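User: I'm new to this and would like to learn how to read a structure. Could you take me through it one feature at a time?

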Amino acid sequence: MSPMRLRKSTRYSLLLVLTLVAALAIVLLLRKAAPPEAARLLPESDAIVYINLKPLRLATHFDRTPVTRSPDYQHFIDATGIIPERDLDNAAFALHRMDDPNGPNGPVGYSEVFEGRFDGERLASYLTTIAIAKESYAGHDIFTIPVGEGRDIRPLRIAQLGYDTIAASNMPTAEQIHSILDRHRAGASPFSGSSLLSARYRDVPLLSSAWAIGHIGLPFSERGYITLFGLQLPLAEDTTFVASLRYVGAIHLRIEQLSPTDADAARSAQSLTAILGLFKSIQQQMEPRNASDKAFLNMIESLKLEQRKDRAIITATIPMELLRELTSSDTEISPASTPNAPASPPPASH
């Protein structure tokens, strides 16, 4: 081969390598900007909440904190080998407004996707012993577990999507868990997901470890309004929010209320400013008794509110001491969604 032809071949090879590297970099950037897979698997909903537990675990070591567990929860751990505070890495929740707020689900139903380290065989064996029904859908088994007591008993459907992913839903029908399995079967496109995720995820700040979008007032709604700590906020329960937590040298909380018009946002900002002012004045009268109280007062003092066009934005800085305190409390853990083993387990129906 002549020197000229060799140089051309080398140039084309180098160009091909550079093109492949550039394409790979673009794909990686797009995936980084895309919503987390756990959130993309969620069905249509009124709100979405996502949390990445890995940075929280690294910062606070909450997985090493001794906790007191209820007997049912301890039985679940013993049977499956799953210790959520140690094994759970990511969790995504879809919140569904219920037509009957007085039903077993209350005003809100949930669909969930969990990612972490799970022993699939032990979990399937445990679910088989307590399930009242078992369905095969899209190549996966869906176990139906009764949760609650008395008239508030409702079905909790659980399915393993893979060795590191579990899906669940406590909705009255299987529609939502089927939707999760359909999305999982359709592939891991970085831009798939529900209409709410597609419309609002772009508003979530980059590098957020936890975030929520949609009608976040759903769990806190009372008579059509949002109520926090007994205080009714001047916001309707269907107000759209984008809330986020991210660590950039400190933990930053950001809550954006999205309004139909700039004027609506200005009215909301005015009302919320008055409430924040009242709240701060009350907190200033308190004497901190310990480091935790001081950290909480520092967080309250950092609260700020501003209006940007059609948005009212609340920001605050959460001291690391307060976060460690919140994750180190020795309280009894008894999640409502943890399936309870019946005294005499019925056989699973196939």
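User: Let's start with a single residue. Is I83 buried, exposed or partly exposed?

Analyst: Keep in mind that this is a predicted model. The trick is to look at the relative accessible area: under 20% is buried and over 50% is exposed. I83 comes out at 21%, so it counts as partly exposed. You'll find I83 in the loop between α4 (71-80) and α5 (84-87).

User: Which residues does I83 touch, not counting those up to four places away in sequence?

Analyst: I83 touches R69, I77 and L88. You can also check C-alpha separations: those of I83 and F118 are 9.1 Å apart, with their positions 35 residues apart along the chain.

User: What about S244: buried or exposed?

Analyst: S244 has a relative accessible area of 4%, so it is buried. It sits in strand β13 (residues 240-247). Leaving aside neighbours within four places in sequence, S244 is in contact with P205, S208, A210, W211, H252, L253 and R254.

User: And L326, is that one buried or exposed?

Analyst: L326 is exposed, because its relative accessible area is 59%. L326 belongs to helix α11 (residues 320-326). Its C-alpha atom is 9.5 Å from that of T60, although the two residues are 266 apart along the chain.

User: How do I check a helix? What span should α10 have?

Analyst: Count on 1.5 Å a residue. Helix α10 (residues 291-302) has 12 residues, so it should span 16 Å; the end C-alpha atoms are 17 Å apart, which agrees.

User: Which residues of α10 are buried, and what do they pack against?

Analyst: The buried ones in α10 are S292, A295, L297, M299, I300 and S302. They pack against α9 (262-284), β15 (304-308), β16 (311-318) and α11.

User: Now salt bridges. What's the idea, and how many are there?

Analyst: Side chains of opposite charge can pair when their charged atoms come close. The structure holds 14 salt bridges. One of them joins E44 and R183, with the closest N and O atoms 3.6 Å apart. E44 lies in the loop between α2 (37-40) and β1 (47-52) and R183 in helix α7 (residues 175-186), so this pair ties together parts that are 139 residues apart in sequence. E44 is partly exposed, because its relative accessibility is 43%.

User: Where do D182 and R185, another salt-bridge pair, lie?

Analyst: Both are in helix α7, three residues apart, which is about one turn of the helix. An α-helix has 3.6 residues a turn, so residues three or four places apart point the same way. The closest N and O atoms of D182 and R185 are 3.0 Å apart. D182 is partly exposed at 28% relative accessibility, while R185 is exposed at 56%.

User: And E256 with R311: are both residues buried or exposed?

Analyst: Both E256 and R311 are buried. They form a salt bridge whose closest N and O atoms are 2.8 Å apart. The pair links distant parts of the chain, with E256 in strand β14 (residues 251-258) and R311 in strand β16, 55 residues apart.

User: Which residues are in the network with them?

Analyst: Salt bridges that share partners join R200, D203, R254, E256, D310 and R311 into one network. You've met R254 already: it is one of the residues in contact with S244.

Terms used: Residues numbered from 1 in each chain as written. Predicted model: local features only at pLDDT ≥ 70, side-chain atom pairs only at ≥ 80, totals over all residues. Heavy atoms only, no water. Helix = DSSP H or I, 4+ residues; strand = E, 2+ residues; numbered from the N terminus. Buried < 20%, exposed > 50% of the residue type's maximum accessible area, 1.4 Å probe, protein only. Contact = heavy atoms within 4.5 Å. Expected span 1.5 Å × (residues − 1). Salt bridge = Lys/Arg side-chain N within 4 Å of Asp/Glu carboxyl O.
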